[in-house]
Amino acid sequence: MSDPLANSYYAATAQDWRPRPFDGELACDVAVIGGGFTGLSAALACAERGFSVILFEAEHIGFGASGRNGGQLIPGLRWTASELEAELGRDRADALFDLCWRDNRVRARIAKHGITCDLKTGHLEAAWNPKGFDAMRREADYLARRFGYESEVVEKTGMAVHIASPLYHGGIHDPQGGHFHPLNYAIGLAKAAETAGVRIRENDRVRVIDRSCNDPIELITEQTIIGARYVIDATDSWIGDVEPDLGRYTVPIMNYNIATALLANADELLPSDAAVADSRFVLNYFRLSADKRLIFGGGERYSQTPPRDIAAFVRPFMAEVFPQIADAPIDYGWGGAVAVTRNRLPHIGRRGNIFFAHGFSGHGALVTTLAGELIAEALAGTAERFDVLASLPARPFPGGKWLRRPLATLGLLWYALRDRLG
Ligand SMILES: Cc1cc2nc3c(=O)[nH]c(=O)nc-3n(C[C@H](O)[C@H](O)[C@H](O)COP(=O)(O)OP(=O)(O)OC[C@H]3O[C@@H](n4cnc5c(N)ncnc54)[C@H](O)[C@@H]3O)c2cc1C
């Protein structure tokens, strides 16, 4: 399929790798649908537990959000830890904190498999206005008192250590966060999965999950029919294609990134080499690539049609943050769909022997690896930690098949307007 959003820095600098072709018996214990972080992590962890696994990917490994994202590794979820505690109570907040803030499975996978993906340490959340900075400061204080979690409150006057932009009113620097080359991480996971015995079929789209004979469950793909005891649906933005009921829980929001040409002054823009995300609802997020470009994401579009010129669409956001490179040449511009849930928390669960995890709402680079591993753990019989994520509150969007997206868009536009009004 031709992809109008494929002019990505990541594709241009991806490691050269294709899965090994395989023939023969197509039955397996676990069929994984989707070759992004969630599916790859689940497949790898299942194979490590001795299950026979086949992973189906409609296009190629990392085709979805996992191969296109901003590469920002931000501990936690879209809700702050204090919001989780207020809504879910102390015990559940503790369990979520242990998993989503402390348990960095991405770092562990990179170390275990020697994945080359330009991993860097440090994430800065930058406050768009003084009110946002006050809220950040309170949260950092809460995290330190309640969990002993260390982060640094950066006053407005100290921001130059991290970022050469006058725009921000302070921030929180989190040394547990960081950034990486997401497509090369996905490829690294795929290689590790294959080494662990996972059979990977690219360019084979799953059309139907047939539950009528529950054991095995039958999958009808573009090229074959197979039986599996368990299915893991990790198709994120596309989940409604195979599981229409689950499709009610997310809407895809298009988000765009650019990568400048190599910049001689790159280190002056972001001296500490931290990744940065700002505190607006429609946020700007940016970082340096290993070869010293600025990778910048900004603006959202509620239409599925990409702008004709992605660089021209994103450039004004970059110029607002970094006027000193307003006219820098831009070598790459690409985009992808962020699957967003109604409350911005991921929707994770199981229906019989079918497991799913989707809707990480722009905050999935770290938590997807964890979610995949916890699915494998549950499938092998220990569901305690999986249940922590599966018990997050989730509600479908209202509006049915045709009205769901317009209604969700209206809600998102409202928040975007609030941003502009400060
Ligand atoms: C532009 C952009 C920027 C982002 N920036 C960040 C960031 O900086 N930090 C962060 O934490 N998060 C970010 N995110 C979100 C993050 O990338 C996602 O949450 C995460 O990658 C989701 O991973 P996944 O494996 O669940 O889904 P995906 O990576 O989307 O994988 C799903 C896969 O399923 C395949 N598929 C779909 N249907 C079928 C089918 N029927 N049969 C077989 N295969 C199928 C697709 O081809 C795809 O490869 C961003 C997302 C986007 C789009």
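## A tour from glycine 297 to the ligand

Begin by selecting glycine 297, whose place is in strand β14. Strands here (E, at least two residues) and helices (H or I, at least four residues) are DSSP runs, numbered from the N terminus. The model is predicted, so local features need pLDDT of at least 70 and side-chain atom pairs count only at pLDDT 80 or more, whereas totals for chains, interfaces and linings use all residues. Residues are numbered from 1 along each chain as its sequence is written, and side-chain values use heavy atoms, with hydrogens and water left out.

**Stop 1: β14 and its partners**

Glycine 297 has a relative accessible area of 0% and is therefore buried, a class that means under 20% relative accessible area, with exposed meaning over 50% and partly exposed lying in between (1.4 Å probe, protein chains only). Now add isoleucine 258 to the selection: 39 residues separate this residue from glycine 297 in sequence, yet their C-alpha atoms are 6.5 Å apart in space.

Extend the selection to the whole of β14, residues 294-301, where six of the eight residues are buried, leaving the strand mostly covered. Strand β11 pairs with β14 in the antiparallel sense over five bridges; two strands are said to pair if DSSP finds at least two bridges between them. To find one of the bridges, select asparagine 255, whose partner in β14 is glutamate 300.

Next, bring in strand β13 (residues 285-288), which is also antiparallel to β14, here over four bridges, with leucine 288 having leucine 294 of β14 as its bridge partner. β13 and β14 form a hairpin with five residues between them, and in the turn lysine 292 has a positive phi of about 70°.

**Stop 2: two loops with positive phi**

Most residues other than glycine have a negative phi, and most peptide bonds are trans. With that in mind, go to aspartate 236, in the loop between β10 (225-233) and α8 (239-242), where phi takes a positive value near 45° in a residue other than glycine. Then select arginine 344, which lies in the loop between β15 and β16 (347-351) and has a positive phi of about 70° although it is not a glycine. Is arginine 344 buried or exposed? Its relative accessible area is 14%, which makes arginine 344 buried.

From this loop, step back into strand β15 and select glycine 336, which counts as buried at 12% relative accessibility. Adding serine 237 shows two C-alpha atoms separated by 9.6 Å, although glycine 336 and serine 237 are 99 residues apart along the chain.

**Stop 3: β1 between its listed partners**

Select β1, residues 28-33, a mostly covered strand with five of its six residues buried. β1 and β10 pair in the parallel sense over five bridges, and isoleucine 33 stands opposite aspartate 233 in β10. Strand β2 (residues 53-56) is likewise parallel to β1, over four bridges, with alanine 31 opposite isoleucine 54 in β2.

**Stop 4: the two sides of α3**

Select helix α3, residues 81-88, and mark Ala81, Leu84, Glu85 and Leu88, which are buried. These residues cover an arc of only 100° around the axis (taken from the directions from the helix axis to the C-beta atoms), which puts them on the same side of α3. Ala86 and Glu87 are exposed on the other side of α3.

**Stop 5: the ligand**

Finally, select the ligand and the 37 residues that surround it, each with a heavy atom within 4 Å of it. The closest are Thr38, Glu57, Ser66, Gln72 and Ala365. Inspect the polar contacts, pairs of N or O atoms within 3.5 Å (within protein, one must be able to donate a hydrogen and the other to accept it, and residues adjacent in sequence count only if both atoms are side-chain atoms). An N or O atom in the side chain of serine 66 is 2.5 Å from a ligand oxygen, a polar side-chain atom of glutamate 57 lies 2.6 Å from an oxygen atom of the ligand, and glycine 64 places a backbone N or O atom 3.3 Å from a ligand oxygen. The protein covers 98% of the 1,000 Å² of accessible area that the ligand has on its own, as computed by the Shrake-Rupley method with a 1.4 Å probe.

Colour the shell by element next: α2 (37-48), β11 (250-260) and β15 (330-341) each supply at least two residues, and β15 gives the largest share, three residues.
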